[in-house]
Structure formats: structure tokens, C-alpha cells
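Good morning, colleagues. I should like to take you through one structure, beginning with its domains and ending with the contact between two chains.

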Protein chains: 2
Amino acid sequence: MQKIYLSHTPRRKAQQEFLRRIRLPRRVERVKTAGAAGRITAEALFARLSMPADHAAAMDGFAVQAESTFAATDQRPLRLAPGDGYAPVDTGEPLPPGFDAVIMVEDVQTLPGGEIEIIAPATPWQHVRPVGEDVVAGELLLPAFHRLRPQDLGVLLAGGSTEVAVLSRPKAVLIPTGTELVPPGEARPRGSVPDFNSTVIAAYLQEWGAQTVIYPIVPDDRKRLEKAAARAAEEGDLVIILAGSSAGREDYTVHIIEALGEVFVHGVSTKPGKPTLLGQIAGKPAVGLPGYPVSAYLSLEWFVRPLICRTLGQPEPAREELAVSLGRRVVSSLGSEEHIRMAVGYIDGRFVANPLERGAGMTMSLVRADGLLIIPPEAAGYEQGETARLELYRPRSELRNNLLAAGSHDLIVDLLATALRERATGLTLSSAHLGSMGGIAAIGNRQAHLAGVHLFDPESEAYNTPYIERLLPGGDLRLVNLAYRMQGWIVPPENPDGIESVAHLAAKKISFVNRQKGAGTRILFDYLLEQAGLSPADIYGYDREEHTHLGVAASVAAGSARAGLGILPAARAFGLGFVPLREERYDLLMNGSFYRSAAGKTVLGIIGDPVFQERVEAMGGYSMREAGKVMR
Amino acid sequence: MQKIYLSHTPRRKAQQEFLRRIRLPRRVERVKTAGAAGRITAEALFARLSMPADHAAAMDGFAVQAESTFAATDQRPLRLAPGDGYAPVDTGEPLPPGFDAVIMVEDVQTLPGGEIEIIAPATPWQHVRPVGEDVVAGELLLPAFHRLRPQDLGVLLAGGSTEVAVLSRPKAVLIPTGTELVPPGEARPRGSVPDFNSTVIAAYLQEWGAQTVIYPIVPDDRKRLEKAAARAAEEGDLVIILAGSSAGREDYTVHIIEALGEVFVHGVSTKPGKPTLLGQIAGKPAVGLPGYPVSAYLSLEWFVRPLICRTLGQPEPAREELAVSLGRRVVSSLGSEEHIRMAVGYIDGRFVANPLERGAGMTMSLVRADGLLIIPPEAAGYEQGETARLELYRPRSELRNNLLAAGSHDLIVDLLATALRERATGLTLSSAHLGSMGGIAAIGNRQAHLAGVHLFDPESEAYNTPYIERLLPGGDLRLVNLAYRMQGWIVPPENPDGIESVAHLAAKKISFVNRQKGAGTRILFDYLLEQAGLSPADIYGYDREEHTHLGVAASVAAGSARAGLGILPAARAFGLGFVPLREERYDLLMNGSFYRSAAGKTVLGIIGDPVFQERVEAMGGYSMREAGKVMR
């Protein structure tokens with residue numbers, strides 16, 4: 001097999017090329033109007049019947065012939081007899097023949113014997129809804145390519161159309177490939193990867209108006225993949241092959257599309273999303289998506305969404321744009337268009353955004369993202385504090401009420417995010433894991449509302465306050481206790497190495513996993529080292545860094561480290577051993593302006609709530625005895 | 001039965017009262033994650049498994065032990081043997097035990113015999129995705145009350161949850177009532193009304209997250225209605241009775257809710273929407289909606305939507321707001337909060353809005369509406385040109401490309417609206433039917449992009465130009481011919497009265513239906529009268545006005561008039577007779593700024609397109625011989 005290299009086609013050019021060379025068929029089907037909400041009209045729709053079909057009473061009252069009432073005055077009331085003179089009508093009822101006006105029930109005196117008495121003339125057509133007032137036969141009800149809303153169904157039914165011609169949903173066939181893939185519900189042997197991508201991609205396609213078929217997973221076997229692709233092109237309007245789109249040893253997708261049809265583009269100069277494949281099989285669009293989830297979903301949106309939208313006559317949904325101040329420096333590689341997921345909050349009158357994890361494999365970055373920062377290939381990035389434009393994933397109005405938590409991460413912050421939702425506070429919370437020192441800086445630069453800090457000061461043996469006084473002197477700040485939590489050694493179950501101190505780590509050359517610089521736990525570890533008269537070089541794995549407690553625990557669980565320093569719930573999440581070391585104070589740092597704001601009061605209200613505190617303590621390893629207390 | 005009067009409860013107060021006194025149950029169900037898009041999480045969701053589950057290669061290449069490579073330089077390349085020395089790995093594969101780094105395939109020389117040669121050391125953990133990098137067991141994936149998006153399904157599956165706890169959709173039971181109602185697909189005997197309201201209401205409820213059951217139509221019979229309501233309260237979480245909510249002779253809803261449960265509010269001080277009923281049956285919310293469609297849908301949104309959103313832990317969807325300049329005076333009655341549907345366009349750098357038909361029965365006004373103007377009870381309305389804030393039904397970005405057509409209505413304008421969609425121009429078109437004179441005024445005041453005019457000037461015997469020169473002297477205007485069209489007498493099939501002229505109308509006392517003042521057809525009729533030496537008093541029905549050609553035809557078709565003046569397609573739509581009278585010129589008036597704009601060019605391009613012209617002429621009664629020609 002010849003060696004394949006990816007090209008660096010700019011995204012826009014690749015889009016144009018693909019859309020120019022291929023299209024999805026536009027088919028029409030007739031569906032019941034009652035179930036047609038969300039479908040797209042295939043033609044202009046005209047009313048076949050009128051509504052009302054007859055001149056109808058617009059009020060409850062009496063139908064009369066206006067001309068016969070002209071003489072009525074309050075001096076000389078006029079009497080009308082039932083039958084020829086008047087007829088009782090309810091709202092919506094058609095006027096009996098010969099009548100052309102309605103007198104409201106409250107303007108009439110009913111006499112014994114059935115006559116009515118009126119004291120003012122009726123003008124012709126008063127309180128009458130003329131035929132076709134709402135919908136008139138022949139009238140244009142809806143244009144073609146219109147997405148049907150509930151009220152549209154009403155006028156179609158009123159106009160006599162119980163069926164409606166709508167555009168068929170294009171049918172996409174997804175082929176998940178990869179010997180390592182297993183269906184998400186099944187057991188995961190070592191080295192296997194659950195195939196969640198096809199579910200996500202099918203859900204996106206359905207949201208955009210396509211129908212989807214997911215084929216069973218095809219292993220990396222050129223023959224079997226070729227067979228599946230050929231069948232997909234027969235069955236569907238669009239073939240999507242999930243993964244194998246790059247230029248690796250077992251990346252067959254490009255060869256298969258080449259063999260069965262034609263490759264238009266292989267390789268797009270974006271990050272993530274580069275190994276995208278655009279082509280056709282049997283005249284039908286064929287797309288090879290990258291295997292990394294973020295790459296796959298972005299690529300799907302760039303190349304498949306416009307294809308579907310064009311077929312359905314819809315503009316691509318435009319995302320709201322927003323100018324934000326960047327809370328951190330964002331570097332970008334020249335030559336690639338970078339798509340960076342961002343967390344956005346509204347702080348002291350301006351929108352601030354921080355980059356989330358950038359890897360193409362970071363599915364959680366798409367879950368956490370409030371917006372997307374697109375850096376063109378010719379730009380090297382942005383400095384901290386610069387203004388950039390984002391495409392928003394959530395409405396701007398919602399982001400005005402989004403709190404940004406920076407600093408050290410703790411599960412209590414997640415519980416706080418959940419409590420804000422559950423209590424319908426209208427507030428949401430996005431977390432960036434920057435470590436305690438990063439959190440203090442973010443509060444100082446007004447790039448976050450809250451920062452979790454747990455910094456032990458070896459000199460004063462106090463927590464947090466000395467750091468804040470040193471780093472942000474004289475600021476209008478509040479430091480509020482969130483919890484006391486137990487730090488300890490996270491070790492394999494039952495602590496087989498008998499770890500109890502840093503001295504043990506060094507003596508037994510235990511493989512250690514550290515936290516990143518600036519993290520409170522790292523500072524504590526360095527303090528412990530110093531106390532024990534040891535240096536970083538004495539610890540095997542000192543330079544290996546994880547950014548969260550759970551990351552540390554995961555490394556121990558996977559066996560790639562034998563010990564780490566962290567909190568009890570992290571060890572519990574993986575069923576690991578935990579050797580308690582010392583209790584530390586975990587505080588939330590915030591600016592005075594936030595502390596005094598309505599949002600700040602809501603957050604403090606939750607922290608002070610005994611129900612919330614019980615929930616935290618139930619996780620184990622936490623004491624809420626001073627939760628909510630202002631420490632400074 | 002005692003007489004019932006409606007109260008005038010302010011809308012906000014009625015909402016608060018209803019929401020305070022009653023709630024829907026919040027139930028939880030477990031559904032397959034793969035099919036859960038759009039559902040709302042019932043609890044905070046934590047990862048059960050990590051992704052990746054092992055340290056995995058982030059690149060295609062060779063797994064090595066970093067420590068063993070520290071000596072490699074390009075001067076002294078290092079050779080590694082397969083097995084203990086290195087292992088080939090593809091992206092995503094777990095590292096074999098003992099290895100802690102990956103060297104990319106392109107940085108390695110493969111030697112015959114199976115050894116590899118490297119010329120630089122690998123740093124520990126390079127090109128390795130650590131366990132849990134994307135999703136780590138124990139991590140918060142999603143908070144409670146979160147609407148699941150495609151990417152959320154991905155992290156749930158990655159985290160090991162193939163099922164997810166979501167909030168159940170509350171079940172609403174709809175009871176359509178009214179002796180006059182027939183199911184929409186069935187024959188419509190005189191006086192019957194198709195029940196399209198229950199379809200529309202069910203579609204709204206589903207959009208907001210409820211499930212719906214529609215009961216068969218119940219006639220106005222207190223016993224049967226009571227039985228249906230009791231059963232609905234047993235079966236559903238929420239009972240909605242469609243119509244009969246007012247205080248009329250056969251409005252039983254209030255009596256039934258009173259008998260089976262309790263009425264909280266009967267009558268809201270809004271227009272439309274006044275006869276709304278809020279209460280409970282067997283502890284479940286029971287709502288009586290007004291029978292007029294617009295009233296019913298607005299009332300549903302005010303009172304039922306917040307109930308559903310609260311149950312699902314969602315904020316009510318907020319509509320974008322927009323400040324607009326009012327193209328016409330809008331009067332409002334004191335004491336009622338008025339909700340007026342508006343058409344919005346962007347003209348010469350500002351948003352302009354015109355009110356649509358205001359009746360509660362005008363379903364088409366909700367179809368045509370671009371936004372809603374809410375006038376509080378204490379305000380009397382707005383003057384023309386005043387600024388008002390609208391709640392938008394369509395995004396502001398879309399309305400920037402919405403053209404406003406004013407003036408005389410013609411079916412060609414509808415075809416133009418359709419062509420703008422079909423050709424994916426990005427433009428849409430909203431029509432207000434103001435008559436030719438109203439259209440000229442709208443162009444002069446810059447309240448519309450286009451105005452259809454067909455004004456015959458008796459003195460010069462010319463069309464349009466004399467009026468424009470008189471009314472808008474010296475303006476930078478363009479008058480573009482759209483079509484010549486045949487005006488004639490619209491009469492019953494085969495013209496039983498033998499109408500050929502106004503003289504016949506007068507002589508035979510034929511019941512006539514006229515057009516409104518300012519309409520070109522009205523001016524033509526007045527000219528014909530004058531030519532014949534007749535006066536309005538000689539015409540029976542001269543004062544009866546319709547606003548469109550189709551309205552005139554509908555009156556003739558319904559038998560309430562025997563003749564009207566109008567165009568051929570209107571007569572055809574109702575299968576009526578048509579007696580040609582004279583061809584008239586129908587032009588589009590526009591400001592020079594619009595004529596020169598990109599949007600203007602797009603419109604003129606369509607008018608000049610032979611395919612479009614053929615489609616118009618196929619309707620009959622039109623000549624496109626000068627279509628697109630600038631007449632002034």
C-alpha cells in the first residue's frame with residue numbers, strides 16, 4: 001500500500017470544494033399535518049378552504065338584518081320577532097341566511113313571548129367575522145422551505161390540508177471502524193475503546209434534520225470496510241466513516257473511498273480536525289471523520305451540516321458572537337486554524353473567557369464549553385487581557401449569569417454547580433482548574449468570580465491568608481471557608497507499599513505522581529520534602545504532573561504510579577487506599593464586589609445551608625464546621 | 001345555572017396565583033443514553049469509568065521506556081530491540097506494561113532485523129494520553145436539570161452510563177369541546193369549525209417538553225364534559241379544556257372545574273386572552289383556554305409553559321428584544337394588556353415594525369408575526385414613528401434581511417416571497433396589506449421596502465406616476481413594473497345576473513362588496529361610477545369593505561354578495577365567474593436606496609427571470625411583458 005500524506009487544505013476551501021462537487025438529493029414526502037412540526041415545507045402552501053367558511057357571529061347575541069334596525073333609538077325601542085326578525089347566535093356560529101349583523105346579548109332586552117327589544121340601530125356587518133377573515137381560500141399560507149411551527153399546523157388544517165408535502169430527511173449511514181472499538185454498553189477489555197462517537201454524531205445529524213443508520217462496528221480490515229462502505233452508499237444518501245481517516249498504518253478510509261469513488265480533499269489545515277476526508281462513493285457524499293471526538297464533531301459541523309442545510313433549504317444556524325476579554329494567554333500554531341473551546345463569565349461589567357483543555361480527545365471540553373475561539377492560520381494567538389470574538393454555544397443572556405470558578409478544584413465546587421441548578425437560581429457555574437496560585441491571580445485580574453485555594457504557608461503555618469496578603473495586598477477581597485478536608489497518600493488498595501511519609505517514598509523508590517506547580521497539594525508536598533530534608537531528585541516521578549486529585553488517583557489506579565498526594569473522595573472514586581496525612585483548609589477567594597452581589601449572596605446561602613453541608617460531609621473526608629465563615 | 005362574570009385579573013398576578021397554588025409532579029425515569037438527546041437530567045451525573053481507561057498512545061509510533069532513551073543523540077543514535085526495547089503502537093492503543101513514552105513514527109528509523117534507531121531521547125510520558133485524561137471516574141459530568149445535547153451523550157457513554165435518569169415528560173390531556181367542532185380532516189357542514197386548536201396546542205406542549213393526549217371532541221353538554229374532565233384528571237398530570245372558558249350560555253368549563261375542583265382565576269385583563277380559566281381538578285392543574293386561536297396560544301404560553309418549565313427545572317425560553325420604530329399608530333384600550341403581533345423589517349439602518357391583524361381569531365397573524373408588542377394596561381398605545389420594544393419571534397439577525405412589502409396586495413408578491421426562499425437568497429419578505437395609497441405613504445415614511453401600487457389617474461388616464469408625483473414630489477424613488485393584470489367583475493359561476501358594468505349593478509340592485517378606501521381597485525370603481533354618472537348611493541353594499549381581492553371573492557362565494565371588482569386568480573381560487581373589464585398596471589414603488597442595494601438587486605433579478613415570469617403568467621390574467629422595467 002502506498003504511503004499517504006495529508007494535505008493542508010484551508011477549511012473554507014475544503015468546504016467550497018466539497019459543496020461544489022457533490023449534493024444530497026432533495027426528495028419530497030407527504031406527511032400528516034398534525035405530526036409535521038419541525039419538518040420543512042417542500043412547496044409554497046396555499047389555503048384550499050376558507051376560515052371562517054361562512055359569515056360568523058363574533059359575539060354571543062342576536063343575528064339581525066341591519067336595515068331593519070335603523071329606526072331603533074332609546075326613546076323609541078324597536079321590537080323584533082324570532083324567526084324573520086332575529087335569530088340567537090353564539091360566537092362562531094354562522095349567520096342564518098338574510099341576516100347581516102349581530103347585536104351583543106348585553107345590548108338587548110328579552111321580552112316574555114320571545115320578542116327582543118333594542119334601543120340602537122345595528123350597522124351592517126357589525127360583530128360579524130366575514131368569510132375568510134382568518135384564512136381565505138387561495139391565499140399563500142406558507143412559503144417553501146419553511147420549518148413548520150405549531151401555529152403553522154393550525155393554518156394548514158384550517159385551510160383544509162390534513163397532509164403536507166415536506167422535504168424528506170436525508171439518510172446518513174454511519175460506519176464506526178476500529179478493531180479497538182466496543183459497543184458502549186459492553187465490557188471493556190484492556191485496550192478497548194467504547195464507541196460513543198457514532199451515538200453523538202447520529203444525534204447531531206438528527207438535530208440538523210437527517211435520519212441516521214448506524215452500522216455495526218467494522219474492525220480495521222480493508223475488505224470488510226470496503227464492503228460496508230459500498231453497502232452504505234447503496235442504502236444511504238450520505239456515507240460517514242468514523243475514524244481511519246488519517247494516514248496511518250491501518251487507516252484504510254482513504255484507500256476505500258479512492259477505490260469505490262473519488263477523494264476530493266484529504267487533510268484540512270485546522271486544529272483539531274486535520275485528518276478529515278471528503279469525497280464521494282457512487283455519486284454520494286462520503287466523509288471520513290477523524291477518530292478523536294472533538295475533531296470528529298467539529299469536522300462534522302464544518303462539512304456535513306452545510307450539506308444537510310442546503311438540501312433542506314435552510315440557512316446554517318448562526319451562533320451569537322461575543323467580544324470577550326481573555327483571562328489567559330492563548331497560543332496558536334501558525335498555519336493551522338485553531339478552534340479552542342472557552343469558558344465564559346460576566347465579571348464586573350465585562351465578559352471574560354478562559355480556554356478549556358485543547359486536546360482533540362477532550363470530549364469534556366465540548367461539554368464544558370460556553371463558546372468557541374477561532375484563531376486564523378496566520379495568527380499566533382492572543383495575549384492575556386486582549387479582546388477576542390467568540391462564537392457562543394450558550395445564549396449571551398445565560399452567560400451573563402454564568403459564574404467562573406478558577407483555582408484549585410474540589411468536588412464541592414461541582415456540588416455547588418449542581419445546587420445552583422437544582423435550586424433554580426438562574427445561575428450556572430463553569431470551572432477552570434488552575435490550581436490555587438492560578439486562582440488567586442484570576443481573582444486579582446478579575447477573570448473569575450470564585451477561586452478555590454488551599455495554600456499552606458510553611459513560615460506562619462497558616463492557610464491562604466499569607467499568600468493573599470502577599471500576592472494581592474490591599475485588595476477589596478473576601479476569603480470564605482468552604483470546608484476542611486483531609487489530604488493523604490493515595491495508594492493501591494490496602495497500601496501494599498506501606499506508605500506513611502515522604503521518607504518512605506524516597507527510601508523505597510516508589511513511583512510517585514505529582515500535582516502541577518502552583519497547586520496547593522504540590523506546595524504541601526514540597527513542604528513535606530523540605531521538613532524531611534529531602535529534595536525533588538529523591539522522589540521517582542516528581543516531574544510527572546496531574547492537574548486534579550482525580551487525575552492523580554487515576555494514575556495510581558492504572559498502576560502507572562504507586563502513590564500520590566490528594567483527597568479522600570478521589571481515592572474512593574477508584575476504590576484505592578488512602579492514608580490520612582493532615583486536614584487542610586479549603587477556602588473560596590472572591591472580590592468584594594462579588595461577595596456583595598445578589599449572585600454572591602446566593603452562593604453563600606447554599607454554602608451555609610445545612611442540607612448542602614450534609615451532602616458534602618456524606619462524601620467522606622470533609623468537615624463543614626466553618627463553612628461560610630469569612631476568614632479574612 | 002347562575003350567571004357568571006369574568007374577572008379582570010392582571011396577567012402577572014394570575015400567573016403567580018396559579019404557580020403558587022398548584023404544581024406538576026416531578027417524576028424520574030431511566031432511558032437509554034443513546035436516545036436521550038433533548039431530555040433533562042434528573043440528577044447530577046458522575047463518571048463511573050475513566051476514558052482513556054489506560055495510558056494510551058497519542059500518536060502512531062513506538063512505545064519505549066523513556067529512561068532507556070536518555071543517551072540517544074544524532075551523533076550517537078540509539079538502537080532498541082523489539083519486545084523489551086520498544087513496542088509498535090497506534091494512536092489510542094494502551095501502552096504495554098513497562099513503557100512510559102511514545103516516539104512518533106516519523107522520528108524513527110526502522111532497521112532490517114526489527115531494531116529501531118532513534119536520535120533523540122524521549123521525555124517521560126511524551127505523546128501519551130494519561131488514564132482519565134478526557135473523563136475520569138468520579139468526575140462530575142453533568143449537573144441536574146441539564147438538557148442533554150449530542151456531546152453530553154458522548155461523555156455519559158464514555159463514563160460508562162448506557163442509561164440515564166431523566167425527568168419524565170408531564171402528561172397533558174387536552175379536551176376539545178364545542179358542538180360546532182369537527183375533526184380537521186372531515187367534511188365541514190355549514191356552521192361547523194375544524195378543530196385545529198388541539199393539534200397546535202399539543203405541538204406547543206411537546207415543544208416545551210410535555211407529552212400529550214388529545215381526547216375526542218366533546219359537544220357542549222355539561223354532563224359529558226364533566227365526565228371527560230374527571231377522566232382527564234385521573235389519566236393526566238394536567239387538564240386543558242379547549243374553549244367554553246368564557247361566560248356565555250353554553251360555556252360550561254367554569255361550572256365543571258368548580259364542581260370537580262376549584263377555580264383560582266376566571267378572566268385575565270389581557271387582549272386577546274381574556275376568558276382564561278385557571279384552577280385544579282383532583283389536585284391537578286386544570287386550564288380552560290379561550291376558543292379563539294390567538295387567545296388560546298398566548299394564554300397557553302402565559303400559564304402552562306411556566307408550569308412545565310418549572311417542573312423540568314428549566315428557565316422559560318427568553319425572547320430576544322428589539323427596539324423598533326413604529327410604522328403606524330397603534331392604539332390600545334386602557335385597562336387591558338394588549339399583545340399585538342408585528343411585522344418587522346430593517347430599512348435604511350433602523351428596524352421598523354407594523355402591526356398585523358389584531359383579532360383574536362386571526363391565526364395568520366401568528367404565522368406572519370416577526371415579533372410581539374406588549375402594551376401595558378395603563379398605556380393608550382404609540383404614535384407612528386415612536387420607538388417601542390418588541391419580543392422577537394424570529395432572530396434579529398434574520399430580521400435584518402426581512403423585506404417589508406406594503407401597499408396593494410397581489411399574489412405575485414406571495415410568489416416573490418416564495419422565490420426568495422427557494423433560491424436561498426437569505427432574504428425573507430413580510431407583507432402588510434395597506435392598499436396602494438397606504439403603500440405610497442409607507443415608502444415616503446421609509447416604513448417599507450416595497451409597495452405594490454395600481455392607481456389609475458382619471459385625469460391623465462395614466463397609472464401610478466401622477467399619484468407618486470403628487471404625494472412624494474422630488475423623492476429619490478423608483479417605480480418598477482411588476483405585471484399587467486386583468487381587473488374584472490367577480491360574480492357567481494356563469495354570471496347569473498349578467499353583470500357587465502356598474503350600470504347593471506345599480507339597475508339590478510345587485511348586492512356588491514367593495515374594497516377599502518385607498519385601494520387601487522376602489523379608485524377604479526369610483527372612476528367607473530363617475531363615468532357612468534352614478535353615485536355611491538346607487539350601489540347596494542358600497543360601504544361594505546374587504547381588504548384583499550381574495551376577501552372580495554370569498555364574500556361572493558359565500559353568497560353574501562353577488563358581485564365585486566377584482567382580479568382573475570381571486571375568482572379562480574373560489575371557482576367563481578369573472579367578467580374581464582380592463583387591464584391595469586401593477587408596479588412596485590421603492591426608494592432609490594433599496595433599488596441600488598444588494599437586496600433590491602436580488603428582488604429585481606427574480607422579477608426579470610423568465611422562469612419566474614412563466615410561473616406568474618401560468619396563474620392566468622397576468623402579462624409580464626414589461627416586468628422589471630423602470631417606469632419612473
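Before I speak of domains, a definition: the domain bounds used here come from an automatic or database domain assignment. Please also keep in mind that this is a predicted model.

On that basis, chain A is divided into four parts. Domain 1 is assembled from residues 11-25, 170-184 and 191-311, and domain 2 from residues 28-51 and 134-167. Domain 3 covers residues 56-129, while domain 4 covers residues 450-623. Between the C-alpha centres of domain 1 of chain A and domain 2 of chain A, the distance is 35 Å.

Let me turn to chain A as a whole. Its secondary structure comprises 18 helices and 39 strands. Chain A is more spread out than a compact globule, because its radius of gyration is 35 Å, well over the 26 Å that the globule rule gives for 632 residues. The C-alpha trace of chain A spans about 115 × 70 × 45 Å along its principal axes. As for burial, 54% of the 632 residues of chain A count as buried. Among the contacts in chain A with a separation of 6 or more, 76% are between residues 24 or more positions apart.

Finally, the contact between the chains. How many residues does each chain bring to the contact? Chain A provides 91 residues and chain B provides 89 residues. On the side of chain A that touches chain B, helix H2 of chain A, residues 150-158, gives the largest share, with 8 residues. By residue class, that side of chain A divides into 47 nonpolar, 25 polar and 19 charged residues.

Methods. Residues numbered from 1 in each chain as written. Chains lettered and ligands numbered in written order. Predicted model: local features only at pLDDT ≥ 70, side-chain atom pairs only at ≥ 80, totals over all residues. Helix = DSSP H or I, 4+ residues; strand = E, 2+ residues; numbered from the N terminus. Rg over C-alpha atoms; globule rule 2.2 N^0.38 Å. Buried ≥ 20, exposed ≤ 12 C-beta atoms within 10 Å, placed from the backbone. Contact = placed C-beta atoms within 7 Å. Nonpolar A, V, L, I, M, F, W, Y, C, P; charged D, E, K, R; others polar.
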